[in-house]
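Here is a walk through one model, written as a quick tour for someone who has it open on screen. Take a look first, then read on.

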Amino acid sequence: MTLAAGSSADGFALRPLAPNIGVEITGVDLSQQLSDKVFVKIRDAFHAHCVILLRGQDLSEADQVDFAQKFGPLARAVNRNSGQSEAYSPSFLISNVRENGQLIGALPDGEMLFHSDQCYVEQPCMAALLYGMEIPSHGGETIFANMCGAYETLPADLAGAIEGRRALNIFEYNEEGGYGRSAMEMYASPPPSARSFAHPIVRTHPATGRKALYVNRGMTLCIEGMSRSDSDALLLRIFDHQEQAQFQYAHHWRVGDLIMWDNRCTIHARTDFPADERRVLRRVTVLGEAPV
Ligand code: SIN
């Protein structure tokens, strides 16, 4: 038998999604029981490529949860926007759909700036798994960027300027597009109830040992111990560096796609999409540790 490059006898194969981030895994049906051997290959691909994609999946909530919890304990959250009564579900919807005037999911509309999930809390999540259920005809791409690659290519003066420093991250999202303003723009008119936490600007990935940039345009407000103007100038240079196309993969969603990203070494953003078309994705989140 001849196997295609990157594939194995059990059908498992890897296909890079972009030069510096992301890999598509084929030959795996996540609705079926995974062998330990296949799971280890998936986990290794996740660590090596930061983002994994499995297309053509037909997943119940239980299937998605079962797969996610192989990576660690799951976050349980109430979907604050949904009005759903079921508290502390391991999954929630990301959606613009409104039923009886109520949103059925979180993060409903439009573009989102680059951010790292929960970087404004002490122990941000380790990973998130997003499953495509209803996808608009165009737009609504999720763009991922590799923050190890970004750190490793920082100009020397930038690397020196951020060494050992911490930055304050905040969260403010509202339906009127609060998330469409960068954290730094919100500095001028701060959100009423910002949730915030300061983390190292450079963190070390606990599994791979690689260093990654841990700031982002959407949620990082300022660098601690610097004047506002010095902090803004430095952050803007870092944001421009980390958002370069060379570090990115833009995912064009199809129904049945399961994407999992490593929140410790990536940032992500979302492009705009038609407000009158339905977008529904189911998300499960794996808990993480305090960045060091
Ligand atoms: C998110 O930031 O978790 C949402 C991504 C998306 O809706 O594409």
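## A buried loop residue

Asn263 is buried, with a relative accessible area of 0%. Keep in mind that this is a predicted model. Where does Asn263 sit along the chain? It belongs to the loop between S16 and strand S17 (266-270).

So what covers this residue? Leaving aside residues up to four places away in sequence, Asn263 touches Ser116, Asp117, Pro124, Cys125, Met126, Ala127, Arg203 and Tyr214. With Asp117 there is a polar pairing to look at: a polar atom of the Asn263 side chain lies 2.8 Å from the backbone oxygen of Asp117.

## The seven-stranded sheet

S16, one end of that loop, is also part of an open sheet of 7 strands. Reading across, the order is S1-S2-S3-S16-S8-S18-S4, and the pairing is mixed. Strand S1 (13-16) and strand S4 (91-95) are the edge strands, each with a single partner, so one side of each has no neighbour in the sheet. On average, neighbouring strands here are turned by 25° against each other, direction ignored.

Zoom in on one pair. Strand S3 (residues 51-54) and strand S16 (residues 258-262) run antiparallel and are joined over 4 bridges. If you want a spot to click on, Leu54 has Leu258 in S16 as its bridge partner.

Two helices go with this sheet. Helix H2 (residues 61-68) packs on it, touching S4, S8, S16 and strand S18 (280-286). The direction of H2 makes about 30° with that of S18. Helix H1 (residues 36-49) lies across S1, strand S2 (23-26), S3, strand S8 (127-134) and S16. Relative to S3, H1 runs at about 130°.

## The ligand site

Which residues surround the ligand? They are Ile94, Leu107, Met112, His115, Thr142, Trp261, His268, Arg270, Arg279 and Arg283. Some of these bring a polar side-chain atom to an oxygen atom of the ligand, as listed here.

| Residue | Distance from a polar side-chain atom to a ligand oxygen |
|---|---|
| His115 | 3.0 Å |
| Arg270 | 2.9 Å |
| Arg283 | 3.1 Å |

How much of the ligand does the protein bury? Taken alone, the ligand exposes 260 Å², and the protein buries 100% of that.

## Two loop residues with positive phi

Most residues other than glycine have a negative phi. Asn100 goes the other way: it is not a glycine, yet its phi is positive, at about 50°. You'll find Asn100 in the loop between strand S5 (98-99) and strand S6 (102-103). Is Asn100 buried or exposed? With a relative accessible area of 83%, Asn100 is exposed.

Gln118 is another non-glycine residue with a positive phi, here about 60°. Gln118 lies in the loop between strand S7 (112-115) and S8. Its relative accessible area is 24%, so Gln118 counts as partly exposed.

## The three-stranded sheet

There is also an open sheet of 3 strands, in the order S11-S10-S14, with antiparallel pairing. Strand S11 (195-200) and strand S14 (220-223) are at its edges; each has a single partner strand, so one side of each is left without a neighbour in the sheet. Neighbouring strands of this sheet are turned by 25° against each other on average, direction ignored.

Strand S10 (residues 166-171) and S14 run antiparallel and are joined by 3 bridges. Within that pair, Leu168 has Cys222 of S14 as its bridge partner.

Following the chain on from S10, look at Glu172, which is in the loop between S10 and helix H5 (183-188). Glu172 is buried, with a relative accessible area of 14%. Glu172 and Ala183 are 11 residues apart in sequence, and their C-alpha atoms are 8.4 Å apart in space.

## The chain as a whole

Finally, zoom out. The chain has 6 helices and 18 strands. Of its 292 residues, 52% count as buried. Among contacts in the chain with a separation of 6 or more, 79% come from residues 24 or more positions apart. As for the surface, the chain exposes about 13,000 Å², and carbon and sulfur atoms supply 50% of it.

Terms used: Residues are numbered from 1 along each chain as its sequence is written. This is a predicted model: local features need pLDDT of at least 70, side-chain atom pairs count only at pLDDT 80 or more; totals for chains, interfaces and linings use all residues. Side-chain values use heavy atoms; hydrogens and water are left out. Two strands pair if DSSP finds at least two bridges between them. Axes are lines fitted to C-alpha atoms, for helices over the stretch in contact, and angles run from 0 to 180 degrees between N-to-C directions. Contact means heavy atoms within 4.5 Å. A residue is near a molecule or strand if one of its heavy atoms lies within 4 Å of it. A polar contact is a pair of N or O atoms within 3.5 Å; within protein, one must be able to donate a hydrogen and the other to accept it, and residues adjacent in sequence count only if both atoms are side-chain atoms. Accessible areas come from the Shrake-Rupley method with a 1.4 Å probe; for residues, only the protein chains shown count as cover. Buried means under 20% relative accessible area, exposed over 50%, partly exposed in between (1.4 Å probe, protein chains only).
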